[in-house]
Amino acid sequence: MIVIADGTCMVRLLQVMLRFYHHESCGQCTPCREGMGWLHRIIDRIVAGEGMPEDVDRLYQVSKLNDGNTICGMGDAAGYATVGILNKFRNEFEYFIEHKRSLCDGNLESMPEIFINGQSIQAERDQTVMQAALAHGISIPYFCWHPALSIAGNCRICAVQVEGRSWVEIACNMPVSEGLRMLTDSEQVRAYRKELMQLVTLNHPVDCGICDKAGECTLQDYHYKYNGSPSVSREPKVRSTKFHPLSERIVLDNERCILCSRCVRFTREISKSNALGITQRGDTSLVRAAEDHPLDDDPYSDNVIDICPVGALLSRPFLYKARVWYLEPTPVRLPGLRPRLHDPDLASQVRVEAQRARPAAATSASSASRRSKIRR
Ligand code: SF4
Ligand code: SF4
Ligand code: FES
């Protein structure tokens with residue numbers, strides 16, 4: 001039996017289920033091989049707001065084609081799920097197709113109430129615990145999560161605890177649900193984060209003294225906030241490339257990279273250049289530029305320097321030019337930069353930083369360094 005929270009969008013639920021069946025189909029028999037892909041593409045189109053009135057009947061029809069006609073029970077299972085949901089919630093599908101949004105969206109009455117550290121929060125539907133917490137000023141640490149990128153869930157620093165459970169779970173990938181009670185700072189959460197920070201820094205060079213990111217580095221901040229202890233390891237650190245040229249403008253320090261994959265997802269999802277990927281395995285994994293998609297060809301590539309949470313991606317023009325505490329930010333509104341729909345404040349977050357005068361002994365160049373940043 002599957003228990004589904006009240007107010008769940010059945011169209012999106014069917015999309016998740018059909019994605020599963022499409023992925024799991026081994027492809028041996030024709031009805032399942034072709035039918036799963038067809039069902040999946042139809043439901044994807046509906047959720048994307050491109051559904052057609054005849055799609056509901058088409059979902060029925062394709063499901064019935066599978067029913068009893070596949071080698072194993074996979075086709076039947078997908079058909080039962082699809083027909084069952086359509087029988088009971090046909091109106092939700094018709095509404096989604098007509099209005100290009102879910103019947104459940106924007107319904108204030110169905111906004112779930114959750115509790116974080118005992119504080120009542122009215123979360124928005126489809127939010128994760130991370131989003132709901134941040135929206136209400138409750139801090140949860142994160143390296144790999146970014147509001148404009150897909151969820152990777154790989155760094156694990158955002159661990160939180162559901163009240164009454166004896167284990168921790170990640171907040172960036174946990175959907176809110178009515179009555180959910182979370183702890184973000186329990187003894188267990190603190191102990192877990194401390195151990196995780198030991199792992200994050202296990203092979204990190206901690207060469208903050210020569211790192212351009214020092215002073216605004218998430219790893220530095222979290223080390224002091226959540227760990228604070230020296231490494232317990234007596235093993236030699238795994239060494240890696242210190243200055244790997246990713247492009248004309250960007251060098252990569254693989255020893256500092258914590259493999260959060262933000263830069264990789266940026267080139268896949270935002271700039272769409274697919275210029276970066278991760279090669280090799282385990283603790284020898286490396287971020288590298290794709291051979292057939294040079295990072296130099298990506299006009300937005302400099303953004304990866306800013307979204308890197310540590311000092312792994314470095315700007316060649318800015319390299320060793322200034323310490324961040326000597327920089328003075330000036331907010332700018334760039335002509336032609338239009339706010340994105342989901343982030344109307346983006347244009348006002350761009351700032352230019354200029355190096356202010358330093359004490360004479362510390363100044364090696366008279367010209368001021370400049371860089372522009374979009375902070376997250
Ligand atoms: S990435 Fe952060 S922690 Fe690592 S050397 Fe640079 S400033 Fe230090
Ligand atoms: S280079 Fe930076 S952004 Fe890219 S995976 Fe490593 S730590 Fe993350
Ligand atoms: S921020 Fe949640 S796993 Fe990285």
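## A walk through the strands, cores and ligand shells

Strands β6 and β7 (residues 250-252) pair antiparallel through two bridges; a strand here is a DSSP run of E with at least two residues, numbered from the N terminus, and two strands pair if DSSP finds at least two bridges between them. This is a predicted model, in which local features need pLDDT of at least 70 and side-chain atom pairs count only at pLDDT 80 or more, while totals for chains, interfaces and linings use all residues. Residues are numbered from 1 along each chain as its sequence is written, and chains are lettered from A and ligands numbered from 1 in the order in which they are written.

Let's stay with that first pair. Histidine 244 has leucine 252 in β7 as its bridge partner. Both strands belong to an open, antiparallel sheet of three strands, ordered β6-β7-β10. At its edges lie β6 (244-245) and β10 (313-315), each pairing on one side only. Strands of a sheet pair through backbone hydrogen bonds, either parallel or antiparallel.

Now find strand β8 (residues 276-279), which four bridges join to β9 in antiparallel fashion. Threonine 279 sits opposite leucine 286 of β9. The two strands, β8 and β9, make a hairpin with six residues between them, and glutamine 280 in the turn has a positive phi of about 65°.

Which residues of β9 (residues 286-289) point to the buried face? Val287 and Ala289 do, and they are buried, while Leu286 and Arg288 point to the other face and are not. Buried means that 20 or more other C-beta atoms, placed from the backbone, lie within 10 Å of the residue's own.

Next, look inside. The largest nonpolar core (buried Ala, Val, Leu, Ile, Met, Phe, Trp, Tyr and Cys residues joined through C-beta atoms within 7 Å) has 51 residues, and Met130, Tyr142 and Leu313 are among those touching the most other members. Because domain 2 (111-200) and domain 3 (239-374) both contribute residues, this core lies between them; the domain bounds come from an automatic or database assignment. Apart from this core lies another, of 17 residues, including Leu14 and Met36.

Finally, visit the ligands, where a residue counts as near if its C-beta atom, placed from the backbone, lies within 6 Å. Ligand 2 is surrounded by residues including Cys257, Cys260, Cys263, Val287, Cys308 and Leu313. Around ligand 1 there are 13 residues, with Cys208, Cys211, Cys217, Val310 and Gly311 the closest.

Note on methods:
Buried ≥ 20, exposed ≤ 12 C-beta atoms within 10 Å, placed from the backbone.
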